[in-house]
Amino acid sequence: MKSLLFKLSRTAKALKSGRLYATLAVTLAVGAQLSAQTDVTSTYLTNADFNTNANFKFDAAAANLASANAGANIKEVEGWTRGLMSDNSAAATFEYGYAGTINLSGTTYGFIPATGPDGTSTGAGQAALGISTAWSGTVTYTQNVTLPAGKYAIITKAYNSGPSANSPSRVGWAPTGGTAVISARTTFAMAAWTTDTVTFKNYATTAGKIQVGITSANVGSGSVGRIFFDHVRLVSMPVDKVELKQMIDSAAVVAANPKPVGTSTAYTDLNTAKTAAQAVYDNAAATSQEILENTGLLLAAIRNVHSA
């Protein structure tokens, strides 16, 4: 019992110092999974496969979409909004099988893939978003979404037609007024399809942007890749109760060691949040949204006690 109380006391102190707050932004150890993952792409994203109204059709006359400044060769894409548009960049949607190039490098690099990630999709209505940027440039395309509390994954397929593997990803989630969660990928294997996954959590209904794109080091276009994105997916992931239980235990320690708070209702609010969280924890049918919302509410209540 003394060992348990010591551990809970340390957890409460970590909360007070702010160390534990940061852990809520990362995935904790996986516990019992409460629901299967669900593809919610069609609910929130439009033209996630870039197949609608491609800028360059597979049977169009071959040409090179060269890099340019001031967004001149960063094309509008159906369903997506152009975000960052640096100089020395080019971007558009290309149907597979198109014989042209994007920012051709030498005579070999910058060609559009012949087929999609499945190795067979090509021709009319089968396209990808191709991007080239250099000299510390960044190019992104975004869609505005409002997501309920939950754990999500943005999954993308990407092909690199060279001449370098170095093209850091800018795929991610950018909540309005919050901290963006961006892919940690810095390279894409050349002449191959790569799957990349970015996971994040929302503890309340949150508005923000889903984005795809790349950035570049301060080097020329001969030292970066031409990256083609396809099959963007937004997936609702299973949520366990590990984090919620951690907050409940921490709240119990805080409540058991009260400090003067004057006329503040911080402790009353804490107990109310703790009771609600416990009910969700005890409910075997609790949804992912309920689990994360109550985790967030209980964290806020603990914070309010420490700031009272």
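The legends below describe close-up views of a predicted model.

**View 1. The whole chain contains six helices and 14 strands.**
Of the 308 residues of the chain, 45% count as buried. Among contacts in the chain with a separation of 6 or more, 80% are between residues 24 or more positions apart.

**View 2. Five strands form an open sheet with antiparallel pairing.**
The order of the strands across the sheet is S3-S8-S13-S10-S11. Strand S3 (81-85) and strand S11 (181-182) are the edge strands, and each of them pairs on one side only. Inside this order, strand S10 (residues 172-175) pairs with strand S13 (residues 206-215) in the antiparallel sense, over four bridges. Within S13, Lys-209 is the residue that stands opposite Ala-174.

**View 3. Strand S4 is mostly covered.**
Seven of the seven residues of S4 are buried. In a regular strand the side chains alternate between the two faces of the sheet. In S4 both faces are covered: one side carries Ser-89, Ala-91, Thr-93 and Glu-95, the other carries Ala-90, Ala-92 and Phe-94, and all of these are buried. S4 pairs with strand S7 (residues 127-133) in the antiparallel sense over seven bridges. One residue to look for is Ala-91, whose bridge partner in S7 is Ile-131.

**View 4. Ser-89 belongs to strand S4 (residues 89-95).**
The relative accessible area of Ser-89 is 1%, and Ser-89 is therefore buried, the cut-off being under 20%. A polar atom of the Ser-89 side chain lies 3.1 Å from the backbone oxygen of Ser-86. Leaving aside neighbours within four places in sequence, Ser-89 is in contact with Ala-66, Ser-67, Ala-68, Asn-73, Ile-74, Ser-132, Thr-133 and Val-139.

**View 5. Thr-46 sits in the loop between helix H3 (41-44) and strand S2 (64-65).**
With a relative accessible area of 45%, Thr-46 is partly exposed, because this class runs between the 20% limit for buried and the 50% limit for exposed. Thr-46 and Glu-78 are 32 residues apart in sequence, and their C-alpha atoms are 8.1 Å apart in space. Not counting residues up to four places away in sequence, Thr-46 touches Gly-79, Trp-80 and Gln-143.

**View 6. Strand S12 (residues 193-202) has a covered face and an uncovered one.**
Thr-194, Asp-196, Val-198, Phe-200 and Asn-202 make up the covered face. The uncovered face consists of Trp-193, Thr-195, Thr-197, Thr-199 and Lys-201. Strand S9 (residues 150-160) pairs with S12 in the antiparallel sense over 10 bridges. Asp-196 in S12 stands opposite Thr-156.

**View 7. Ser-216 lies in the loop between S13 and strand S14 (227-237).**
Ser-216 has a relative accessible area of 8% and is buried. Leaving aside neighbours within four places in sequence, Ser-216 is in contact with Thr-133, Ala-134, Trp-135, Ser-136, Gly-137 and Val-224. Thr-133 is also one of the contacts of Ser-89 in View 4.

**View 8. Helices H4 and H5 cross at roughly 145°.**
Two packed helices are described by the angle between their axes and the distance between the axes. The axes of H4 and helix H5 (residues 266-282) come within 10 Å. The crossing of H4 past H5 is left-handed. On the H4 side, the contact is made by Leu-244, Lys-245, Ile-248, Ala-251, Ala-252, Val-254 and Ala-255. On the H5 side, it is made by Tyr-267, Leu-270, Asn-271, Lys-274, Ala-277, Gln-278, Val-280 and Tyr-281. The buried residues of H4 are Glu-243, Leu-244, Met-247, Ile-248, Ser-250, Ala-251, Val-253 and Val-254.

**View 9. The end-to-end spans of helices H4 and H6 agree with the expected values.**
Helix H4 (residues 242-256) has 15 residues and, at 1.5 Å a residue, should span 21 Å; its end C-alpha atoms are 21 Å apart, so the two values agree. Helix H6 (residues 288-307) has 20 residues and should span 28 Å at the same rise; its end C-alpha atoms are 29 Å apart, which agrees. An α-helix has 3.6 residues a turn, so residues three or four places apart point the same way. The buried residues of H6 include Ile-291, Leu-292, Thr-295, Leu-298, Leu-299, Ile-302 and Val-305.

Conventions
Residues are numbered from 1 along each chain as its sequence is written. This is a predicted model: local features need pLDDT of at least 70, side-chain atom pairs count only at pLDDT 80 or more; totals for chains, interfaces and linings use all residues. Side-chain values use heavy atoms; hydrogens and water are left out. Two strands pair if DSSP finds at least two bridges between them. Helices (H or I, at least four residues) and strands (E, at least two) are DSSP runs, numbered from the N terminus. Buried means under 20% relative accessible area, exposed over 50%, partly exposed in between (1.4 Å probe, protein chains only). A polar contact is a pair of N or O atoms within 3.5 Å; within protein, one must be able to donate a hydrogen and the other to accept it, and residues adjacent in sequence count only if both atoms are side-chain atoms. Contact means heavy atoms within 4.5 Å. The expected span of a helix is 1.5 Å times one less than its number of residues. Axes are lines fitted to C-alpha atoms, for helices over the stretch in contact, and angles run from 0 to 180 degrees between N-to-C directions. A crossing is left-handed if the near helix is turned anticlockwise from the far one by less than a right angle, and right-handed if clockwise.
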